[in-house]
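Biologist: Please take a close look at what is buried here and what it packs against. I would like one connected account that I can follow on the screen.

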Amino acid sequence: MDGRPRSPDEPQHEAEALTVLAQPVPVSLMTSDQSAGIVRSGERGEFGDLVPVRPGAGRTAVCLRDHRLDLDLDDKLAPYSHRYKLHGTLCEVCRAQEGLDPSEHRLAEWVHLDVAAQYTPEMAPGAGLVVVVHQPPAGTLSGRIELRLDGREVATATASICGSCRTATLDYVHVTAEHRRLGYGRTLVAAAVARAPGYRWTAPLPRGLVASSFRARIAMRRAGPPCAHSGGDDVGR
C-alpha cells in the first residue's frame with residue numbers, strides 16, 4: 001500500500017489489479033487493418049498455432065495418420081482451438097512421434113468444422129473459422145463459398161448448381177499460400193457439396209502440378225458441357 005487515497009473503482013491490491021489486466025479485450029478492439037502496419041489479432045500465435053481442419057463434427061475412428069482412436073489405448077483428449085473457435089481431436093501416438101522428430105508434419109491435432117453451418121456475409125461471425133456463402137448473381141448459376149478466419153478470407157471456391165437438372169460443377173478452388181496443406185481445400189469442397197447433396201457433381205481438370213494433385217483427391221467426374229439453364233432454379237439457402 002502506498003498510503004494514497006483510492007477511488008471506489010480502483011483495485012485495492014495487486015491480485016485485483018492483475019485480475020483487471022487479465023480481462024479479455026473485445027474482439028472489435030483487437031482486430032485491426034494490416035495495411036495500417038498493425039498485426040491482426042491471432043497472427044502472433046497468442047491463440048495457438050494453425051492446425052489441420054477436416055469437415056464434419058465430432059470425433060472420428062482414425063487420426064490423420066490412420067491410427068485407431070477407438071481402441072482405448074490412451075486417454076482421449078478433446079482439445080479446443082481458440083485460434084479457430086472449434087473443437088478438435090488429438091492423437092497421443094502422433095504427438096509422441098512428432099515430439100521425437102521435429103521435422104514431422106504436424107498432424108497430431110486437428111479441428112472439426114461443420115460445413116453445413118453456413119453464413120451469409122452479413123451474418124458471419126468475426127472470430128474463428130467459418131463458412132461464408134455468396135449467392136449467385138441474378139441470371140447465373142455460379143455462387144461463391146469462402147472460408148474466413150477472424151473475418152479474413154483464407155480460401156475460396158466457386159460452384160455452379162442447377163436445380164433443374166440436379167447437376168453441379170466445382171469450378172474453382174483457391175487457398176492462400178500460408179494456409180495450404182491444412183485441409184482447407186477439401187473442407188471447401190465438402191461445404192460446396194453440402195449445398196447440393198445428392199446432385200451429380202463434376203469438376204474440370206486444372207493445369208499445374210499442385211492443382212492437378214489436389215484435383216486427383218476429389219471424387220468427382222470430369223466436367224462436361226456447361227448447363228444450359230438460367231439461374232432461376234439454382235439451389236439457394
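Modeller: C63 is buried, at a relative accessible area of 3%, where buried means under 20%, exposed means over 50% and partly exposed lies in between, with a 1.4 Å probe and protein chains only. This is a predicted model: local features need pLDDT of at least 70 and side-chain atom pairs count only at pLDDT 80 or more, while totals for chains, interfaces and linings use all residues. Residues are numbered from 1 along each chain as its sequence is written, and side-chain values use heavy atoms, with hydrogens and water left out.

The cysteine sulfur closest to that of C63 belongs to C94, at 3.6 Å, which is too far for a bond; a disulfide is a pair of cysteine sulfur atoms within 2.5 Å. C165 has its closest cysteine sulfur in C162, at 3.4 Å, again too far for a bond. C165 is partly exposed, with 33% relative accessibility. The structure holds zero disulfides.

C94 also leads to one of the nonpolar cores. A nonpolar core is a set of buried Ala, Val, Leu, Ile, Met, Phe, Trp, Tyr and Cys residues joined through side-chain atoms within 4.5 Å. In general, nonpolar side chains of soluble globular proteins tend to be buried together. The largest core has 34 residues, and Y84, L129, L147, L170, Y184 and W201 have the most contacts inside it. Two or more residues each come from β4 (109-113), β6 (129-134), β7, β8, β9 (167-175), α4 (184-194) and β10 (200-203). Helices (H or I, at least four residues) and strands (E, at least two) are DSSP runs numbered from the N terminus. Of these elements, α4 supplies the largest share, six residues. A second, separate core has seven residues, among them C94, L69, L90 and A108.

L90 sits in strand β3 and is buried, at 8% relative accessibility. L69 is 21 residues away from L90 along the chain, and their C-alpha atoms are 9.3 Å apart.

Back in the largest core, α4 is mostly covered, with eight of its eleven residues buried. The buried residues of α4 are Y184, G185, T187, L188, V189, A191, A192 and A194. An α-helix has 3.6 residues a turn, so residues three or four places apart point the same way. Y184 is in contact (heavy atoms within 4.5 Å) with L50, V53, Y84, L129, L147, L149, V154, A155, V175 and H179, leaving aside neighbours within four places in sequence.

The helix α4 also borders open space. The largest pocket has a volume of about 1100 Å³. On a 1 Å grid over the protein atoms alone, a pocket is an open set of points with protein on both sides within 12 Å along at least five of seven lines, whereas a cavity is a set where a 1.4 Å probe fits but cannot get out; lining residues have an atom within 4 Å of a point. Points are joined across faces, edges and corners, and the volume is the space filled by probe spheres set on them. There are 33 lining residues, and those closest to the centre of the pocket are G185, V210, F214, R215 and R217. The elements that give two or more residues to this lining are β9, α4 and α5 (209-215), with β9 giving the most, six residues.

Strand β8, another contributor to the largest core, contains T158. T158 counts as buried, at 19% relative accessibility. Beyond four places in sequence, T158 is in contact with S142, G143, R144, T169, L170, D171 and Y172.

Just before β8 comes D150, in the loop between β7 (142-149) and β8 (152-162). D150 has a positive phi of about 55° although it is not a glycine, and this residue is buried, at 12% relative accessible area. K85 is likewise not a glycine and has a positive phi, of about 60°. K85 lies in the loop between β2 (80-81) and β3 (86-90) and is partly exposed, at 36%.

For the protein as a whole, there are five helices and eleven strands, and 34% of the 237 residues count as buried. Of the contacts between residues at least 6 apart in sequence, 53% join residues at least 24 apart.
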